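Reader: I should like to learn how helix packing, burial, cavities and pockets are to be read in a model. Please take each idea in general and then in the case at hand.

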Amino acid sequence: MTDPKQPDLPIQPVDKPIICSPWEEPRDHWVYDRQTGAASHAGMRRPASYWYRTERTGSTQGEMFAEEERDDLPLVNRLRADVKRWREADYRGASTVTRDLLHHWTRADRPRRLFFCQREAVETLIYLAELRLAGKSSRTGFRNFEVTDDQICQLLAGANPRFPEATPNTDFFPTLADQPADPTLPPLRRMACKMATGSGKTVVMAMLIVWACCNRGVNRASRDYPSAVLVCCPNLTVRDRLQVLRPEAPDNYYAAFDLVPLKYRPLMQQGKVRVTNWHGFQPESEHKEGDKTYAVVNKGLETPETFARRILGDLADRLPILVLNDEGHHCWRPAPDPAAAEVAEDELQEATVWVEGLDRLNSALGQGQPGIQLCIDLSATPFYLKGSGHPEGRPFPWIVSD
């Protein structure tokens, strides 16, 4: 029964809510008039953005819309333009292996086609990792970029690049350097993909593993591509589900989704994939020996090297590695002021143990060399939680794809 005191939301239904194909880049979206709720075609792709709550509330229909406000994600929108141009130039400058893989994944005659959002997420990460972050922009043959080489350097240094669209109300600036509280530790080179639940994050992780393993398999002496991948997740249930990312698993996604061209399939067996959950990052007791604890045993604190060996096993011989954080919104640093963090204790422990464990792996090589070549978060909600010490709903500053 409708409450006569509660005004109806001024949103008018449309006859055809879905107006874009999942296999192609979106070209349109619905927009609603703030006062009347009437829907109309925007005639363009929806810009990457996020919504944040304001203190404003009201009882009139128009004011109800003002309870949330939208801000753009400037880095994502600029990268979309650069990646689209790169795609239309047939991935110019990429390695032969990378181009073969991208052609294989984008074929229209595939029995099991991949969503555009999956392909664009992978294209963006590869474009950055293989060309732009690696200082190989010239290979693209382009002279001008929406995200300039200057800004790329600032992103990697953790400095605030001068994006005019950066959101002033939250003091949000993009960066790809996640700096630990300890300034002597190297920053994590970090990127995030915002992907809705059900859009296929696990397939995207599998595609990235194929890209890394196949490129390194062809260039085994090169360190441009990792030959080992650590997949991190929030719990045992997810860990079991992600076993499909192990190339040797009988039900692996590489075969199920036809992700590897025939000529590159032997190379997948040369790579190593390990799936773990964040609980393993907790420091091991100094009194532990094997699976038991003894009072007479005192091994001392774990060094970064012994920690890396315990977590990675034989992957520790293949540093630097690629890290994929499934549900990466659980992996964040509290704000510098500990008193500002009021999040639940279990959430705070998970976030700090996870990210500090990655910091320890990253410093495992010593001499300031990063042990993690790239850390990639995949999440539907890569935002800071209420009570984290950061503004609630602020996006992670390393989001590169939405």
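Author: The discussion below proceeds from the chain as a whole to helix pairs, single residues and enclosed or open spaces. This is a predicted model, in which local features need pLDDT of at least 70 and side-chain atom pairs count only at pLDDT 80 or more, while totals for chains, interfaces and linings use all residues. Residues are numbered from 1 along each chain as its sequence is written, and side-chain values use heavy atoms, with hydrogens and water left out.

Reader: How many helices and strands are there in the protein chain?

Author: Helices (H or I, at least four residues) and strands (E, at least two) are DSSP runs, numbered from the N terminus. The protein chain has 11 helices and 13 strands. Contact means heavy atoms within 4.5 Å. Of the contacts in the protein chain with a separation of 6 or more, 68% join residues 24 or more positions apart.

Reader: At what angle do helix α2 and helix α4 pack?

Author: Axes are lines fitted to C-alpha atoms, for helices over the stretch in contact, and angles run from 0 to 180 degrees between N-to-C directions. Angles under 35 degrees count as roughly parallel, over 145 as roughly antiparallel, 65 to 115 as roughly perpendicular and the rest as oblique. Helix α2 (residues 74-88) and helix α4 (residues 116-132) pack at about 90°, with axes 10 Å apart. Therefore α2 is roughly perpendicular to α4. The contact of α2 with α4 comprises 8 nonpolar, 1 polar and 6 charged residues; here Ala, Val, Leu, Ile, Met, Phe, Trp, Tyr, Cys and Pro count as nonpolar, Asp, Glu, Lys and Arg as charged, and the others, Gly among them, as polar.

Reader: How do the axes of helix α3 and α4 cross?

Author: The axes of helix α3 (residues 96-106) and α4 cross at roughly 170° and come within 11 Å. Therefore α3 is roughly antiparallel to α4. Among the residues that meet in this pair are Leu102 and Trp105 in α3, and Val122 and Ile126 in α4.

Reader: Is Arg78 buried or exposed?

Author: Buried means under 20% relative accessible area, exposed over 50%, partly exposed in between (1.4 Å probe, protein chains only). Arg78, which lies in helix α2, is buried because its relative accessible area is 14%. Beyond its neighbours within four places in sequence, Arg78 contacts residues including Glu146, Phe163 and Glu165. Of the 402 residues of the protein chain, 48% count as buried.

Reader: Which residues line the largest cavity?

Author: On a 1 Å grid over the protein atoms alone, a cavity is a set of points where a 1.4 Å probe fits but cannot get out, and a pocket is an open set with protein on both sides within 12 Å along at least five of seven lines; lining residues have an atom within 4 Å of a point. Grid points are joined across faces, edges and corners, and a volume is the space filled by probe spheres set on the points. The largest cavity, with a volume of about 50 Å³, is lined by Leu73, Pro74, Leu75, Val76, Phe172, Pro174, Phe396, Pro397 and Ile399. That lining has 9 nonpolar, no polar and no charged residues.

Reader: Which residues lie nearest the centre of the largest pocket?

Author: His29, Arg46, Pro47, Arg80 and Asp402 lie nearest the centre of the largest pocket, whose volume is about 1400 Å³. Helix α4 gives the largest share of its lining, 4 residues.
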